Amino acid sequence: MDNINKWEITTLVLAIIGVTFSMMFQGMAYWGPGGSFTWIGFWVGAILSYCFSLSSIVCMSLNKYKLHILLVTINIILISATILWTTFIIIAWQSGM
C-alpha cells in the first residue's frame, strides 16, 4: 500500500470539518444574547461550511493524480452531502419552515 501523503489527509480533514459545520450551523444561529436567533450566526455557519467544502475540493484538485481512489470517493460523498444539506437548510429557513 502506498503512503498517504499530506494532501490526502488535508482534503479529508477539510471535508470532515465542512460536514461538521453543515450539521451544526443551525445551532450557530442562536449565538445571540441569551440564546436569541441571529442571522449573523446562521450565515457564519453556512459560509464556513461552504468554505471548508470548497477548500477540500481545491486541495483535491491540486494533487489529483496522487490521491487514493477510496479517499477521493469518501471526500466526494462528504462534500456532496455538505453542499446539498447546507443548501437545503438555507432554503428551508428562508421559506419560513
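The points below are notes on the helices of a predicted model.

1. Overall make-up. The protein has three helices and zero strands, and its order along the sequence is α-α-α. Of the 97 residues, 32% are buried. Among contacts with a separation of 6 or more, 72% join residues 24 or more positions apart.

2. Length of α1. Helix α1 covers residues 6-28, which makes 23 residues. At 1.5 Å a residue the expected span is 33 Å, and the end C-alpha atoms lie 30 Å apart, which agrees.

3. Bend in α1. The helix is not straight throughout: α1 bends by about 35 degrees at Ser22. Ser22 is also one of the buried residues of α1.

4. Buried residues of α1. The set consists of Glu8, Thr11, Leu14, Ala15, Gly18, Val19, Ser22, Phe25 and Met28. An α-helix has 3.6 residues a turn, so residues three or four places apart point the same way. The cover over the buried residues of α1 includes α2 (39-62) and α3 (69-95).

5. Helix α2. This helix has 24 residues. From its first C-alpha to its last, α2 reaches 34 Å, close to the 34 Å expected at 1.5 Å a residue. Its buried residues are Gly41, Phe42, Gly45, Ala46, Ser49, Ser53, Ser56, Cys59 and Met60. What covers them includes α1 and α3. Helices α1 and α2 thus appear in each other's cover.

6. Packing of α1 against α2. Two packed helices are described by the angle between their axes and the distance between the axes. For α1 and α2 the angle is about 165 degrees and the axes are 8 Å apart. An angle over 145 degrees counts as roughly antiparallel, and α1 and α2 are therefore roughly antiparallel to each other. The crossing of α1 past α2 is left-handed.

7. Asn75. Is this residue of helix α3 buried or exposed? Asn75 has a relative accessible area of 1%; the cut-off for buried is under 20%, so Asn75 is buried. Leaving aside residues up to four places away in sequence, Asn75 touches Thr11, Leu12, Ala15 and Met60. Of these contacts, Thr11 and Ala15 are listed among the buried residues of α1, and Met60 is listed among those of α2. Asn75 in α3 therefore touches buried residues that belong to α1 and α2.

Terms used: Residues numbered from 1 in each chain as written. Predicted model: local features only at pLDDT ≥ 70, side-chain atom pairs only at ≥ 80, totals over all residues. Heavy atoms only, no water. Helix = DSSP H or I, 4+ residues; strand = E, 2+ residues; numbered from the N terminus. Expected span 1.5 Å × (residues − 1). Bend = angle between axes of the 7 residues up to and from the residue. Buried < 20%, exposed > 50% of the residue type's maximum accessible area, 1.4 Å probe, protein only. Contact = heavy atoms within 4.5 Å. Axes fitted to C-alpha atoms, helices over the stretch in contact; angles between N-to-C directions. Parallel < 35°, antiparallel > 145°, perpendicular 65-115°, else oblique. Left-handed = near helix turned anticlockwise from the far one by under 90°.
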